[in-house]
Amino acid sequence: MKRDNLDKLFDSIKDDLDYEMPNLGHQGRFLEKLQTQNQTPPVAQPRMKGSYWQNALAIAASIVIALGLFTVFMQNPEPKDLASVSPELSKTQTFFTAAIEQELATLKNERSPETEKLIDDALKQMEVLEKKYETLKIDLTQSGDDKRVIYAMISNFQSRIDLLNDVLENIKQVKQLKQEYNENQVTI
């Protein structure tokens, strides 16, 4: 039945179909045109001299700018200390720093087997106070020279000096006790 439908369809359009044969060499000419159409070289873009260098320099410049912006935006401000607030506080900081260094040098000169534990404990406490001072420096930077932070920093310096003076006093007492003990041993 399907075949009959096809036959009927072709019979109805029989007059419209072109039965003529193409001219001799038609297929060859057609294939030749197709081939020349496919072989046309792409339009070459004119290249400027140094275009590779220009591209490389543009990329390098972009990287430099990106790194510069990154460091500017990601940079944490340097923590401030007392010296950056005012000249008077700079003198105060210098005074306390010199006094602490002098006391530390005296403490290290007093090191002996009897005073070893006292000195080590004092140095550990000094580290704790130094860490607190570092956090105070950050607080000072963030607070914008808040007087409470400044007073806390000065108090921290005083605490360190007091600690060192107390330890030196204890060392002095240990040495006196040792000397008295040695004198008592000699007289007995």
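**Aromatic cluster, nonpolar core and largest pocket**

In this predicted model, ring pairs join F95, F96, Y133 and F157 into a cluster. A search of the whole structure returns 3 aromatic pairs. A pair of aromatic rings is described by the distance of the centres and the angle of the planes. For F96 and F157, the ring centres lie 5.4 Å apart and the planes meet at 5 degrees, so the pair is classed as stacked, the planes being under 30 degrees apart. This pair links distant parts of the chain, with F96 located in helix α4 (residues 87-109) and F157 in helix α6 (residues 147-187), at a separation of 61 residues. Both F96 and F157 are buried. At Y133, another member of the cluster, the charged end of R160 sits over the ring, 5.1 Å from the ring centre.

The overall fold provides the setting for these contacts. The protein contains 6 helices and 0 strands, and the order of its elements from the N terminus on is α-α-α-α-α-α. Of the 188 residues of the protein, 18% count as buried. When contacts between residues at least 6 apart in sequence are considered, 69% join residues that are at least 24 apart.

In soluble globular proteins, nonpolar side chains tend to be buried together. The largest nonpolar core of the present model comprises 24 residues, and L82, L107 and M153 are those with the most contacts inside it. Helices α4, α5 (116-143) and α6 each supply at least two residues of this core, and α6 gives the most, with 11 residues. The surroundings of L82 can be described in further detail: once its neighbours within four places in sequence are left aside, L82 is in contact with L89, S90, Q93, Y133, I150, M153, I154 and F157. Two of the residues in that list, Y133 and F157, also belong to the aromatic cluster, and M153, which L82 contacts, is itself among the residues with the most contacts inside the core.

Rolling a probe the size of a water molecule over the atoms shows where empty space is left. The largest pocket has a volume of about 190 Å³, and its lining consists of Q93, T97, I100, E101, L104, M126, E130, Y133, F157 and R160. Helices α4, α5 and α6 each supply at least two residues of this lining, with α4 giving the most, namely 5 residues. The lining includes Y133 and R160, the residues for which the charged end of the arginine sits over the tyrosine ring, and it also includes F157, whose ring is stacked with that of F96.

Two further residues merit separate description. D145 is placed in the loop between α5 and α6 and has a positive phi of about 65 degrees, although it is not a glycine. Most residues other than glycine have a negative phi. The relative accessible area of D145 is 29%, a value between the limits of 20% and 50%, and D145 is therefore partly exposed. K175, which is found in helix α6, likewise counts as partly exposed, at 41% relative accessibility. Computed along the sequence, K175 and T115 are 60 residues apart, whereas in space their C-alpha to C-alpha distance is 8.7 Å.

Terms used. Residues are numbered from 1 along each chain as its sequence is written. This is a predicted model: local features need pLDDT of at least 70, side-chain atom pairs count only at pLDDT 80 or more; totals for chains, interfaces and linings use all residues. Side-chain values use heavy atoms; hydrogens and water are left out. Rings of Phe, Tyr and Trp (its six-membered ring) pair if their centres lie within 6.5 Å; planes under 30 degrees apart count as stacked, over 60 as edge-to-face and the rest as tilted. Helices (H or I, at least four residues) and strands (E, at least two) are DSSP runs, numbered from the N terminus. Buried means under 20% relative accessible area, exposed over 50%, partly exposed in between (1.4 Å probe, protein chains only). A charge sits over a ring if NZ of Lys or CZ of Arg is within 6 Å of the ring centre and within 35 degrees of the ring normal. A nonpolar core is a set of buried Ala, Val, Leu, Ile, Met, Phe, Trp, Tyr and Cys residues joined through side-chain atoms within 4.5 Å. Contact means heavy atoms within 4.5 Å. On a 1 Å grid over the protein atoms alone, a cavity is a set of points where a 1.4 Å probe fits but cannot get out, and a pocket is an open set with protein on both sides within 12 Å along at least five of seven lines; lining residues have an atom within 4 Å of a point. Grid points are joined across faces, edges and corners, and a volume is the space filled by probe spheres set on the points.
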